[in-house]
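Me: I should like to learn how the features of a structural model are read. Could we go through them one at a time?

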Amino acid sequence: MRLLVFATLFGVLLDAGDALQIQCYQCEEMKQNDCSTPEYIVNCTVNVQDMCQKEVLVKPDGIHYRKSCASSGACLIASSGYQQFCTGRLNSVCISCCNTPLCNGPRRKRPPQSAATSARQHTNKSLLLFVTLLTLLPVT
């Protein structure tokens, strides 16, 4: 039975292919949000870094940005941990997480979400839940 579950999971992962890799902008200490150009685009680590992270720091010399790939757990913990420091005033730190390609870049008008995009996001969330549950099964 366990072999059947692993075979099914392996097949789903093969079908998902590139869908489990996200691209994000990556830079350190940039001013004026100017690292949202093609040379700063990176491929995140497959099946590990599933989110993009953006940090906005208000310093005496202006607003600085850090952008990177992140795992969902680490990003969500960091963003909630710094929520109290996200004031917009001097020494403010705001961390945000998102899970669509290049979502840590400049804000754009959102086009209507297609049915295919919605289905792919649902499949990725279902797969993550399935893998999590699979790791909780006792080995017999």
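**Strands and side chains**

Reply: Strand 4 and strand 6 pair in the antiparallel sense over six bridges. Two strands count as paired if DSSP finds at least two bridges between them. Helices (H or I, at least four residues) and strands (E, at least two) are DSSP runs, numbered from the N terminus. Within this pairing, Q53 stands opposite C97 in strand 6. The model is a predicted one, in which local features need pLDDT of at least 70 and side-chain atom pairs count only at pLDDT 80 or more, while totals for chains, interfaces and linings use all residues. Residues are numbered from 1 along each chain as its sequence is written, and side-chain values use heavy atoms, with hydrogens and water left out.

Me: Over how many bridges do strand 4 and strand 5 pair, and in which sense?

Reply: Strand 4 and strand 5 pair over nine bridges, in the antiparallel sense. The two strands form a hairpin with two residues between them. Across this pairing, V56 stands opposite Y65 in strand 5.

Me: Is strand 4 largely enclosed or open?

Reply: The term to know here is relative accessible area: buried means under 20%, exposed over 50%, and partly exposed in between, with a 1.4 Å probe and protein chains only. Seven of the nine residues of strand 4 are buried, so strand 4 is largely enclosed by the rest of the structure.

Me: How is a salt bridge recognised, and what is the count here?

Reply: A salt bridge is a side-chain nitrogen of Lys or Arg within 4 Å of a carboxyl oxygen of Asp or Glu. By this rule there are two salt bridges. One of them joins R66 to E28, with the closest N and O atoms 3.6 Å apart. This pair links distant parts of the chain, since R66 is in strand 5 (residues 62–70) and E28 is in strand 2 (residues 27–31), 38 residues apart.

Me: Which other side chain does R66 meet in a salt bridge?

Reply: R66 meets the side chain of E55 in a salt bridge of 3.2 Å, N to O. R66 lies in strand 5 and E55 in strand 4 (residues 51–59), so this pair ties together parts that are 11 residues apart in sequence. E28, E55 and R66 are thus linked in a network of salt bridges.

Me: Are the members of that network buried or exposed?

Reply: Each falls under a separate heading. E55 is buried, with a relative accessible area of 14%. R66 counts as partly exposed at 26%. E28 is exposed, at 56%.

Me: Which rings have the charged end of K67 over them?

Reply: A charge sits over a ring if NZ of Lys or CZ of Arg is within 6 Å of the ring centre and within 35 degrees of the ring normal. The charged end of K67 sits over the ring of Y25, 5.7 Å from its centre. K67 also lies over the face of Y65, at 5.8 Å from the ring centre.

Me: With which residue does S36 share a polar contact of 2.6 Å?

Reply: A polar contact is a pair of N or O atoms within 3.5 Å; within protein, one must be able to donate a hydrogen and the other to accept it, and residues adjacent in sequence count only if both atoms are side-chain atoms. The side chains of S36 and K67 are joined by such a contact, at 2.6 Å. S36 is found in the loop between strand 2 and strand 3 and counts as buried, at 17% relative accessibility. Contact in the wider sense means heavy atoms within 4.5 Å. Leaving aside neighbours within four places in sequence, S36 is in contact with Y25, K67, G105 and P106.

Me: Where does V42 lie, and what does it touch?

Reply: V42 is in strand 3 and counts as partly exposed, at 24% relative accessibility. Not counting residues up to four places away in sequence, V42 touches I22, Q23, C24, Q26 and C69.

Me: What is notable about the phi of N47 and of N91?

Reply: Most residues other than glycine have a negative phi. N47 has a positive phi near 60°; N47 lies in the loop between strand 3 (41–43) and strand 4 and is exposed, at 53%. N91, which is not a glycine either, has a positive phi of about 70°. N91 is placed in the loop between helix 2 (72–81) and strand 6 (93–98), and N91 is exposed with a relative accessible area of 57%.
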